[in-house]
Structures are given as C-alpha cells and as structure tokens.
Amino acid sequence: MNQTDKVMNEYQNFDPVTDAFFFKTGSQEQVIFHGRNYIIKKRLSAAEQTSMKSLPNFVRAASNLYVNVNKITNIDGNTLHFRDEFAYPRTITVSKRTLEQIKQRMPRTPGFLSPEQMI
C-alpha cells in the first residue's frame, strides 16, 4: 500500500466521534474536523450536525467550535492540548467557564494529568 492509498483509506474510514480532536461548523452545512495530522471538511445535514453536537464527548468551546473531551491529553491554564502517538500537538484556548464544563465532562483516565496534579 503506497502513501496515497493510506491517506485515502484514512479519509474514507474517518470516524468523527473517535478520531476528531475538535470540529468547527461553518456555512452551507460544512463541518471541519481537526485530527491527528489532518483537517477533513465534510458536508453534514443539520440533523447530522445536531446529532454530533449532542454527543456526550463533544463540548461547545466557542460559538462554532466543539472539542472532543476524550482526546484532550493535558490542560495548562485555559489551554487544551491534543496529541496522540502520531499527531502534531494542537492547542485551543478556552474561557474559564468553558473549561469548567469541559472538566466536568472529561473521563477519568489514569494517564491524564490535570493542572492540580502537576503541582
């Protein structure tokens, strides 16, 4: 399998719920998913977007930005860090109010270090 086939396979098998770090909604039903080392644009109907936004692992971080709490690897101040073994580091800064909502929805994972644990 060559590199082009790998990229196409990753795009075709992309699952936003498990693969995306965060997504942004745009006009004309366009949704932009940010993941490991890619940005994938897809058109989703209004019903599909509503369904995605209502999933428990996505939290609204801004008017058109939703983060996957299962993909957050670290929190530093108001900055969320996303990374996995293959990903380039990605960060998003959120308000304190949003940060509290995200912390409440985050799973309790043994490898995750909260800011309180890092001190």
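In strand β5, Tyr66 has Arg60 standing opposite. The model in which this is seen is a predicted one. Arg60 and Tyr66 belong to a pairing between strand β4, residues 58–62, and β5, which is antiparallel and runs over four bridges. The connection from β4 to β5 is a hairpin of two residues.

**Strand β5**

Strand β5 covers residues 65–68, and Leu65 lies in it. Leu65 has a relative accessibility of 11% and therefore counts as buried, the cut-off being under 20%. Beyond its neighbours within four places in sequence, Leu65 is in contact with Phe22, Phe23, Lys24, Val59, Arg60 and Ile92. One of these contacts, Ile92, is 27 residues away in sequence, with a C-alpha to C-alpha separation of 10.0 Å. Arg60 thus appears in two roles: as a contact of Leu65 and as the residue opposite Tyr66.

Asn68 is also found in strand β5. Its relative accessibility is 0%, so Asn68 counts as buried. A polar atom of the Asn68 side chain lies 3.1 Å from the backbone nitrogen of Asn70. With neighbours within four places in sequence left aside, the contacts of Asn68 are Pro16, Val17, Ala20, Phe21, Phe22, Asn57, Phe58 and Phe82. Phe22 is in contact with Asn68 and also with Leu65.

**The β6–β7 hairpin and the loop after it**

A further antiparallel pairing joins strand β6, residues 72–76, to strand β7, residues 79–82, again over four bridges. Asp76 has Thr79 of β7 opposite it. Two residues lie between the strands of this hairpin, and Gly77 adopts a positive phi near 65°.

Asp84 is located in the loop between β7 and β8, the latter spanning residues 90–93. Asp84 counts as partly exposed because its relative accessibility is 21%. Apart from residues up to four places away in sequence, Asp84 touches Phe21 and Arg36. Phe21 is thus a contact of Asp84 as well as of Asn68. Between Asp84 and Ile72, which are twelve residues apart along the chain, the C-alpha separation is 9.4 Å.

The accessibility values given for individual residues are set out below.

| Residue | Relative accessibility | Class |
|---|---|---|
| Leu65 | 11% | buried |
| Asn68 | 0% | buried |
| Asp84 | 21% | partly exposed |
| Phe14 | 7% | buried |
| Tyr38 | 13% | buried |

**Aromatic pairs**

The structure has seven aromatic pairs. One of them is formed by Phe14 and Tyr38, with an edge-to-face arrangement, a centre-to-centre distance of 5.7 Å and an angle of 90° between the planes. This pair links distant parts of the chain, 24 residues apart: Phe14 sits in the loop between α1 (3–12) and α2 (16–19), and Tyr38 in the loop between β2 (30–34) and β3 (39–43). Phe14 is buried at a relative accessible area of 7%, and Tyr38 likewise counts as buried at 13% relative accessibility.

Phe23 and Phe33 make up another pair, which is tilted because the ring planes stand at 50°, with the centres 5.6 Å apart. Here too distant parts of the chain are linked, since Phe23 is in strand β1 (residues 22–25) and Phe33 in strand β2, ten residues apart. Phe23 and Phe33 are both buried.

A single aromatic cluster is formed by Phe14, Phe23, Phe33, Tyr38, Phe58 and Tyr66. Several members of this cluster take part in the arrangements already described: Phe23 is in contact with Leu65, Phe58 is in contact with Asn68, and Tyr66 stands opposite Arg60.

**The chain as a whole**

The protein chain contains five helices and eight strands. Read from the N terminus, the order of its elements is α-α-β-β-β-α-β-β-β-β-β-α-α. The chain has 119 residues, and 34% of them count as buried. Of the contacts between residues at least 6 apart in sequence, 47% join residues at least 24 apart. The contact between Leu65 and Ile92, residues that are 27 apart in sequence, is an example from β5. The accessible surface comes to about 7600 Å², and carbon and sulfur atoms account for 50% of that area.

Methods
Residues numbered from 1 in each chain as written. Predicted model: local features only at pLDDT ≥ 70, side-chain atom pairs only at ≥ 80, totals over all residues. Heavy atoms only, no water. Pairing = 2+ DSSP bridges. Buried < 20%, exposed > 50% of the residue type's maximum accessible area, 1.4 Å probe, protein only. Contact = heavy atoms within 4.5 Å. Polar contact = N/O pair within 3.5 Å; in protein donor to acceptor, adjacent residues only side chain to side chain. Phe/Tyr/Trp six-rings, centres within 6.5 Å; stacked < 30°, edge-to-face > 60°. Areas by Shrake-Rupley, 256 points an atom, 1.4 Å probe, with all protein chains shown as cover.
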